[in-house]
Amino acid sequence: MNISLYDISVWIFPILIAITFHEAAHGFVAYRLGDDTAWQLGRVSFNPFKHIDPFGTVILPGVLFLAHSPFLFGYAKPVPVNFRNLNHPRLDMVWVALAGPATNIILAVIAALAFHALPWVPAEAAKWTADNLKNAFLINIVLAIFNMMPIPPLDGGRVAVGLLPRVLAYPLSRLEPYGILILLGLLILLPVIGAQLGLNLDVISAILRTLIGYVGSALLFITGNA
């Protein structure tokens, strides 16, 4: 498997922008809703190095990629939010959680709209620009959909905790320390075990890929790229 400098150059910028804006959005919305924890720690920032987690952002996706995992994922350093400081803790937690995926969808729309400007890009830079835009479009949709899975500590899990009745929200919130292990099991171990048994247990990955396809198609249509 040969990965060229060109390949790196057309993936690194979209990835860094996607995760940086995603995490900064969480911190900014939390700040606006009453909690300045992330603001005081300098995490409401467009500096990607403030948000990169060595394992979750670099090592884990790299290992999954080299292992030909059916679905790649990773995570950035979580933005610290003290939900008790929010004006309306349960409801505002939902808005803070939604800020990241919503920002990724906005970035995907911007990338799609930017395709219309490609005719004005110098010929020698057109392919590099187009590849960056394509990857930015895909990465932001993947991040938005993946993070909305209803498993804490993903954003979808926190949305569910904020909206569900307390009798259901409390046990779901207690899964947060084990969320990454659950994801690894659902996305990697379960398909591997299924393959050994002759069963197709790659259901979660299939659902995610289908949703990504539908959202991508809808955004392309909306932005006039269909």
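**Figure 1. Surroundings of Pro153 in the predicted model.** Pro153 is partly exposed, its relative accessible area being 27%, and this value, like the others in these legends, is computed from a predicted model. Pro153 sits in the loop between α5 and α6, the latter helix covering residues 155–163. The peptide bond that leads from Pro152 to Pro153 is cis, with an omega angle near 10°. When residues up to four places away in sequence are set aside, the contacts of Pro153 are with Arg158, Glu176, Gly179 and Ile180. A further reference point for this view is Arg174, which is 21 residues from Pro153 in sequence and 9.8 Å from Pro153 in space, C-alpha to C-alpha.

**Figure 2. The enclosure of helix α6.** Helix α6 is largely enclosed by the rest of the structure, because seven of its nine residues are buried, a class that requires a relative accessible area under 20%. The buried residues of this helix are Asp155, Gly156, Gly157, Val159, Ala160, Val161 and Gly162. The elements that cover these buried positions include α1, α4 and α5, together with α7, which spans residues 166–173.

**Figure 3. The largest nonpolar core and its contributing helices.** This core holds 21 residues, and those that touch the most other members are Phe137, Ile141, Phe146, Met149, Leu183 and Leu208. Two or more residues are given to this core by each of α4 (89–114), α5 (123–147), α8 (179–197) and α9 (203–222). The largest share, seven residues, is that of α5. For a closer look at one member, Ile141 touches Ala108, Ile212, Val215, Gly216 and Leu219, with residues up to four places away in sequence left out of the count. Apart from the largest core lies another one, of seven residues, including Leu33, Val79, Leu86 and Val96.

**Figure 4. Tyr6 in helix α1 and its contacts.** Tyr6 belongs to helix α1, which runs over residues 5–32. Because its relative accessibility is 30%, Tyr6 counts as partly exposed, the range for that class lying between the 20% limit for buried residues and the 50% limit for exposed ones. Leaving aside residues up to four places away in sequence, Tyr6 touches Lys127, Trp128 and Asp131. Of these contacts, the one with Trp128 joins positions 122 residues apart along the chain, and the C-alpha atoms of Tyr6 and Trp128 are separated by 8.2 Å.

**Figure 5. The buried position of Ala38 in helix α2.** Ala38 is placed in helix α2, which consists of residues 37–40. With a relative accessibility of 1%, Ala38 counts as buried. Its contacts, not counting residues up to four places away in sequence, are Gly27, Arg43, Val44, Val79 and Pro80. One of these contacts, Val79, is also named among the residues of the seven-residue core. Leu220 provides a distant reference for this view: Ala38 and Leu220 are 182 residues apart along the chain, and their C-alpha atoms are separated by 34 Å.

**Figure 6. Ala195 in helix α8.** Ala195 lies in helix α8 and counts as exposed, with a relative accessibility of 56%. The C-alpha atoms of Ala195 and Pro80 are separated by 39 Å, and the two residues are 115 positions apart along the chain.

**Figure 7. The protein as a whole, for orientation among the close-up views.** The protein contains nine helices and zero strands, so that from the N terminus on its elements read α-α-α-α-α-α-α-α-α. For 226 residues, a compact globule would have a radius of gyration near 17 Å, and the 18 Å of the protein agrees with this. Taken along the principal axes, the C-alpha atoms fill a box of roughly 55 × 50 × 35 Å. Buried residues make up 40% of the 226 residues. Among contacts with a sequence separation of 6 or more, 70% are between residues 24 or more positions apart. The accessible surface comes to about 12700 Å², and carbon and sulfur atoms account for 72% of this area. The side chains include 12 positive and 11 negative ones, and the centres of the two sets lie 7 Å apart.

Notes
Residues numbered from 1 in each chain as written. Predicted model: local features only at pLDDT ≥ 70, side-chain atom pairs only at ≥ 80, totals over all residues. Heavy atoms only, no water. Helix = DSSP H or I, 4+ residues; strand = E, 2+ residues; numbered from the N terminus. Rg over C-alpha atoms; globule rule 2.2 N^0.38 Å. Buried < 20%, exposed > 50% of the residue type's maximum accessible area, 1.4 Å probe, protein only. Contact = heavy atoms within 4.5 Å. Areas by Shrake-Rupley, 256 points an atom, 1.4 Å probe, with all protein chains shown as cover. Lys, Arg positive; Asp, Glu negative; His and termini not counted. Charge placed at Lys NZ, Arg CZ, Asp CG, Glu CD. Core = buried A, V, L, I, M, F, W, Y, C linked by side-chain atoms within 4.5 Å.
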